[in-house]
Amino acid sequence: MSMQYASGAVGNVTVNGVKLWDDILETARFGGTPKGGIKRLALTEEDRQVRDWFVRTCEALGCTVSHDSMGNQFARRPGTEDTLPPITMGSHLDTQPTGGKFDGIVGVLGGLAVLRALQETGRETRHPIELINWTNEEGSRFSPAMLSSGVFAGVFTEQEALDTKDREGVRLGDVLEGIGYRGAEVCGAHPVAAYFELHIEQGPILEVEHKTIGIVTGVQGMRWYEVTLTGRDSHAGSTPMRLRADALVTAARMIEAVQTIALEHGPDAVGTVGLIENRPNSRNVVPGEVFFTVDFRDPDDSIVQKMEDAFYAQASELAEKAGLTLEIARVWDTPAVQFDPECVASVTRAADTLGYPARRIVSGAGHDATYMAQVAPTAMIFVPCAGGLSHNEEESAEPDDVTAGANVLLRAVLETDMRL
Ligand code: GLV
Ligand code: MN
Ligand code: MN
C-alpha cells in the first residue's frame with residue numbers, strides 16, 4: 001500500500017444511508033410491480049420517468065446533467081482542476097421484465113449518495129466527479145446487454161446499436177428519440193479518468209460467507225446465441241408421428257443439451273436458455289418453427305469456446321436427425337475481463353479502513369464496467385443480496401450493506417482523485 005494515499009488523506013466523509021434507501025424506494029415507483037419488483041425496460045415510459053427524476057435530483061444537488069447520443073446520462077460535479085477528465089461512477093436504471101429494486105439501481109443511487117456526501121460536506125475534489133446512468137444495460141428489451149457502454153467503448157458502432165430492434169420490431173433509435181434522450185454529444189467522446197461501479201452480487205457467495213463487500217477483480221466471459229429451428233407446421237390430429245417435422249421437440253432436446261454441456265464443463269460453467277418462441281404456438285398445430293436464445297459463461301474463455309463447440313456439434317446432429325433446418329448465430333461475445341489493479345487496490349483499502357469484512361470475487365453477471373475497463377481504469381464493488389437472488393421481483397438487499405457499499409465507493413473515488 002502506498003502511504004501517500006493512506007486513509008487520512010481521504011478523510012471521514014460518509015454517505016447518508018437513510019437518504020440512499022429513500023431514493024431506492026422512491027424510484028421503485030417508476031415501473032413498480034404488485035409483487036414489489038420493477039418492470040422498467042430500457043427506453044419505455046417508465047425509463048423516461050426515472051431518467052427525468054435523475055436529472056431533477058442531480059440538478060438539485062448542484063450538478064450539471066447531460067446525455068449523449070445513446071442516451072447515457074452524466075451528472076457532473078465540478079473539480080478544482082476542472083479540465084481534468086472526471087472520476088466516474090455508474091450503473092443502470094433499466095430492469096428485467098420481472099426485475100428487482102437493486103440490480104443496477106444501487107450503483108446509480110449509491111453514486112448519487114456519494115455526490116450528495118461531497119456536496120453536503122463541501123468536499124472539494126481535483127477531478128470533476130461524474131455519475132453515469134447507462135442506457136439498455138439489461139439486454140432484455142434490446143439485445144445484447146451493456147449495449148450503450150459497449151458503444152461508448154467502441155465495441156459496437158452507434159449505428160448498429162440505434163438500428164437494434166426489440167422482439168416487436170421497434171427500433172432503438174426511434175424510441176430513444178421518442179422519449180427525448182438522444183443527445184448531441186457523440187457516445188464515447190466523453191472523457192473518463194477512472195470508472196467505479198457498485199452493484200449487488202446477484203449470487204450467494206458474500207451472504208454465505210458473511211462478507212459485506214465483494215472486491216470485484218473481473219468479469220467472466222459470456223457469449224449469447226440465437227437459434228432458429230425450422231420444420232413444418234402440420235395438423236396435430238391427422239399428421240402421423242413419423243411424418244412430422246416438429247421443431248419444438250428437437251428444440252427441447254437442444255435445451256437439455258445446453259444444460260448438460262454446462263454441467264460437463266464445470267465447476268464454474270453456466271448455460272441458459274431464457275427466451276423461447278414457439279410458432280405458431282397453437283395447441284393443435286405441430287410446431288413448425290422455434291426461436292430460442294442460449295447464454296454460456298465461464299471465467300475461462302477457453303471453456304466458453306469449448307461449450308460453444310459442443311453446442312454447435314450437438315445441435316447440428318439433433319437437427320439433422322430430425323430433418324430440420326438449423327440456424328445458429330453468435331450475437332454477443334464478451335471475453336473475460338480483469339479490472340485495473342490500482343482501482344481494485346483502492347476498493348480493498350476502502351473496505352479495510354472502514355472495517356467491512358470483504359473478499360475478492362469474480363462477477364458472474366455482465367456489467368457496464370466490463371466495457372468501461374477497455375477505456376479507463378475500472379473496478380467494481382459488490383454488496384450481498386438475499387439468497388443470492390437477482391433478476392427476480394423478490395431481489396432484496398440490506399440497507400446497511402448498501403450503505404457500506406456506497407461508503408466504499410466514496411472512499412475509492414476520493415483516493416483515486418488524489419492518485420491520478
Ligand atoms: C446482464 O445483466 C447479464 O449479466 O446478463
Ligand atoms: Mn446490473
Ligand atoms: Mn441485470
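## The manganese site

Along the chain, the donors of the manganese ion (ligand 3) follow the spacing D-x34-E-x252-H. Donors here are N, O and S atoms within 2.8 Å of the metal (3.2 Å for Na, K and Ca), and sites may look incomplete because water is not among the atoms. This is a predicted model: local features need pLDDT of at least 70, side-chain atom pairs count only at pLDDT 80 or more, and totals for chains, interfaces and linings use all residues. Residues are numbered from 1 along each chain as its sequence is written, ligands are numbered from 1 in the order in which they are written, and side-chain values use heavy atoms, without hydrogens and water.

Which protein donors hold this ion? They are Asp103 (OD), Glu138 (OE), Glu138 (OE) and His391 (NE2), 2.1 to 2.5 Å from the ion. Asp103 sits in the loop between β3 (87-92) and α4 (105-120). Glu138 sits in the loop between β4 (129-134) and α5 (147-152), 35 residues apart from Asp103. Helices (H or I, at least four residues) and strands (E, at least two) are DSSP runs, numbered from the N terminus.

## Two ions, buried donors

Asp103 also coordinates the manganese ion (ligand 2). The two ions are 3.6 Å apart.

Are these donors buried or exposed? Asp103 has 5% relative accessibility, so Asp103 counts as buried. Glu138 is buried too, at 7%. Buried means under 20% relative accessible area, exposed over 50%, partly exposed in between (1.4 Å probe, protein chains only).
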